[in-house]
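Reader: Got a minute to go through this one with me? I'd like to start with the helices.
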Amino acid sequence: MSRLVKKSPSVCTDLPLDNADIYNKLSLLRQLLASCFGPTGRLKQVHNNIGGHVVTTSTSSVLFPAISSSQPLVNLIKTSIHNHVSRFSDCGLFAAGLCLSLIEHAQQSGLAANVSIRINKHLLGLCVSYLQREDCGCKVKLDFCSSQSLITLARSVISSKPACVLTEQEMLHISRLAVQAFLLTLPCNNPGIVMLGKTVSAYVEGHPVLNSAVFPGLLLDVTGDFCLNKEDNLNPSPLSVVVFSTSLAGDLCELGEGLIEVPAGVDSDLQILEQLLELGKQVVTDEVKLFACQKVIHPVLQQYLRSEGVIVIERLGAYLMEPLIQLTGAQPVATLHTSLPAKAYGEVSEISVRQFGSKTLLHLRPSGESAICTMVLCHRNETMLSELKVVCQKTEHVLRLTIRDPAALLGGGCTETHLAAYIRHKSNEVSEPAAVLGCSHSEYHLCMEGFCCSLESVAKALEHSGGNSLIDLTHAHHWTLPADMTKGDIEDSLGFCGCGLVGSSPSRKWTYINTKYTAFSPASLSVDPAVRPRVLDSFTAKLNALQVAVETANLALDVRYIIQDVN
Amino acid sequence: MYNFRNKNNVYLHTVGGDRANYISTTEHRGSPGSRIRRKASYFELWFCRCCQSSIFTSSQAMLTRSGTRILTALRLEHPVARMVVDCVRKHSKATGDGSKTFLLLLASLLRMIHAAAWKEPAVSRTYSSREAAEAATARRLADELLAFALEELDDVISAGVLPYGLWVSWEDLTAKTPPPAHTSNSTCVQKLLVSFFHTRLGQTHSDFISDLTCELLRNCRLKRDLLPSALQFVNDNFPALHTPVSGFPISCSHLIEGQVIHRDFAVSFAHTDHQPVKAVVFTQQLQLKLHDEGVVLKVGSGGKMMENKSIVEFSAWSEKSLECVFAKLQCLGVSVLLSAVKQSAAVLALAAQAHMCVVECISEDELSLFAQLSGTTPVSHCWRIEPVNVAFLTFCRPILLGVHRYVHVAFHDLEERTMVKPCSVVVCGPGEGQTDQYACAFQDAIRMLLTTCKPTDVTVTTVLSDRRTRLHTDDHSDQTMPTSFQQCVLETGCALPAGGTFECLLSHALLQHGRRCSVSHILANALLNVPRLIYSQSPRHFLHIQTRILSFILNQSHTFSPLCKQGSATDLGHSAGAGAGDVPPVDSKLSLTCCRETGVSLKAVMLNSGLDSLGCKYRLLLAVLQCVSSLLRVDTMLYTHTALNTQSCSRASVSWEGSEDEAEH
């Protein structure tokens, strides 16, 4: 009876955003995430109080699961953004920054929540339709004829994760590898439904980053001796492969749960082993060179096969089975009592051993066309390597997104400032939206200003060293002025805008971000093939991030009560 | 002393667990009447504000505007509260709508009844205290109200409310092209849905989601006049027909024709030929277990004799039989295996060798939907695979929704077998909370439409048909009336402009009727309280709407031609729309001007005010009255303290009739 505690009633918070405590928490979260943003973002070290792994990162996909809050509203926003990141792998911090900034501005403006929501939705519609237009000023078409723009895209993703600690040269090397791996996974001569291949990764710690490489085929991390002689390496003919998906350890797990009664003197284990060796004999007569099994192989069978010159790989795991089957064209076998059908055998063109530091990797080359490749990533220590791992996965995903929509947005904050200028211009141009949305003109203007400021504040968050953010008054791109510069030599010190498309010239005019400027229509850039943007963002990811950010902000503004079950 | 003849329910609420052992102490906490009233007022207060708010609870991060879900999430302890919540849950499970109005109406009814009981002095001297007398009167009033509702309410509604309703036409759903703009009732279903989603999801996405719902219904029905069956189909199979996908904006939600099986391929093979794909459903393991638990298998050293078989031979036999199954499958041309359970590695490997696709661990709901749509039955035993078990699919391919890869199938020759065409809804949202909220609202909307289009109450039909004959005798100019009321209500359903129109109309009709009957006054006043509370922020609006509706009734009385009905509903819609809580003042001005230009712009007016289903409202009224009468029958609440570790003998709530134990009170 003493353990019985009376249930306490749920705690109800009315208008959570008016609550100072919750508001402060949201604003803290905004500052925290903004400080991680961009190539010069500050790293965060997260360690929990129960002695978990210490994480050093500035990546949203690592940061979001690591931080937790007792405040449901914070968690609501966090999960929304995290869901976006897990689907699109990019622009998580952009979405979080925009969302939290929108909430803050809507609260400061003092407008009724439903008015803010309606206007935000309208402005989002403006942005989305502009971004999807052909003549959008901040969108560039990706050219698959040259790998240059893909490398730029990959480099922008990699450079925005400072926790990888890469030099300029290393960054370029990894970007090239990422693009190379992406291109290798595209099947070439396959009409009809195209199945993308797979990049398998292997990680080597303690080696310089520049040793990282991409290989066509599969590199399997196997320990033990392979009985691999020099002659075998040079063998040019296709080598036969068999792949088992069931355990070859001699257990008959499929039999059932009942009891088995064995008379004395009968060794059923031996009987099963004999059966396994039968199988081994057939494999040897069929001249199989590689014997792979997803699960465990009986040591006696292994010994027998090795003695016959067959390379044995056991405990592959379900993850590697799929690429191995795809690479070799073998069909997985799970029957032990029937002779192996000829069509179950696959083949590889070459098997060789590659040494990466302490790691020995078995390299299988496909005999024909195959979309499987392996990326070996090296880094100096474990923390940096784990961040690099995440970054390479993200980059692969971002590159894959370009297949569906071959476009990219200008990076370096230029898209944000450009969009803000476009919305200001569009809102001045037409005066009717206020009537359609059912709000007064001043309300519309106030909310629109909040929306634009939120966009600009995300661009501004790219700068962490006390510099100033500027916007030019022709193309509305984003510029950064280092902290120690005086107003006089502004043109010389600016150089190029955030994305690197616009250079500074004496005729250009700038204004500080968050100062009022007369609305103008941001001019599209004249197409000059010689000038390439230096920073590109994924179009698909950013478009979704924009939508998710505004919808999440609207949702948070719409929450009237929070009921917490405190039992 | 309590009157035991009254068959009161007494609630035994045990403290500390569901099982009660013995009643160690029973405390008597006064008359529950006051508590019930207090509890109800608390809800009332709460829900007035809830009408415009989203709620979020932290235990499972739920996001909702649905009254039922809020009430359930509150985990109320008080037995009366739990009883009310149960009633609300039952009601909204049936109709999908009206949980907030339920509570508002309940609270105001209770208040009215108690006010009436208080005014009525103790008529009989059998009661010892005034309180007891009051309780008895309240109980009597509640019972009378219920009896009145069951017997006469349909009559009153058909006379006083039905004439002003709009017949919801389901025709616009069948039309492939958008309906012509000048027919004012062309988008009735849409309006019904928009106002429903407005209350459940907020204004921003209500239009989008209601369009999606309409499209779903349009896609699901194969023949013109089978909307109820399409609705019933969607309602029954909604869990299998929708896929929540988080991480995308809501505007990415869309429909997919065919069925989505929420599992990935265990073995996949891309079929390139375009013949119909043949599929078979299994509910058991394909590889036979040699012996189950409790069976002893005797093995020997191997040999010809049965008792000498070695274990290897047994397992070889098992594999052989599996190969026979696959030979049979290949003979039938089957290339897709759908399984309710996990299959062994040997099955998967053999399937891969035979170029078959395998999908494992499919839920029961999805398999039964598949069986229904394909017109086949699952294989009962793996040795008896018949051609009747083979389903013909147009295709069976992987589909990527969010992070998950699912299996997408479409059925061959669907028209010949079923009345409906399957269509899956992909519900997108930034987080799981939202997708959940949207999916719930979606299903409730389907329930609401189902209630609207086919009221199941037999009483309604009979009384309405009576009414019709009476109308005919009363009014001879009534020849042009559409076939009959009964048919209209049954086949198409009736809708009224949202925002308190139903309550105003019915309370007026009740007051007219109530010259003979006193309980109808109570009901009328209680009903009027609902719009009063909805417009509690601006009482002026309420008065405005009420006067408009009343003056409208006076002007339009005894006009029954269908055209007039259309007009009247539109005008009513306008008057209600002018005060609707969320509609900004600009809109109402707009509708005012539109209304003055009669005829052409009727549709514009109707678009501004939503619609409510009459069927739902009627069922709501009955449910509330039933709840009130059962609440007021509760006489005493006994709190029992129990010891936990002994055996239980009584339930949490005991219905008890004149027991001796009561005497001490």
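Author: Sure, what follows covers a helix, some backbone angles and a nonpolar core. Keep in mind that this is a predicted model.
Reader: Take helix α2 of chain B. How many of its residues are buried?
Author: 6 of 8, so it is mostly covered, given that buried means 20 or more other C-beta atoms within 10 Å. The helix runs over residues 67-74.
Reader: Which ones are buried in α2(B)?
Author: G67(B), T68(B), R69(B), I70(B), L71(B) and A73(B).
Reader: And what comes just after α2(B)?
Author: R75(B), with a positive phi of about 50 degrees.
Reader: Switching to cysteines. What is phi of C91(A)?
Author: Near 65 degrees. That is a positive value in a residue other than glycine.
Reader: Where is C91(A)?
Author: In the loop between α3 (72-88) and α4 (92-109) of chain A.
Reader: Why does C91(A) count as buried?
Author: Because it has 29 C-beta neighbours inside 10 Å, and the cut-off is 20 or more.
Reader: What about phi of C361(B)?
Author: Near 50 degrees, also positive. C361(B) sits in the loop between β13 (357-359) and α12 (364-374) of chain B.
Reader: Buried or exposed, that C361(B)?
Author: Partly exposed, because C361(B) has 13 C-beta neighbours inside 10 Å.
Reader: Now the largest nonpolar core. Which residues touch the most other members?
Author: C99(A), L106(B), L145(B), V624(B) and V628(B), out of 318 residues in that core.
Reader: What does C99(A) touch?
Author: Leaving out residues up to four places away in sequence, C99(A) touches I77(A), I81(A), A549(A), T552(A) and A553(A).

Notes
Residues numbered from 1 in each chain as written. Chains lettered and ligands numbered in written order. Predicted model: local features only at pLDDT ≥ 70, side-chain atom pairs only at ≥ 80, totals over all residues. Buried ≥ 20, exposed ≤ 12 C-beta atoms within 10 Å, placed from the backbone. Helix = DSSP H or I, 4+ residues; strand = E, 2+ residues; numbered from the N terminus. Core = buried A, V, L, I, M, F, W, Y, C linked by C-beta atoms within 7 Å. Contact = placed C-beta atoms within 7 Å.
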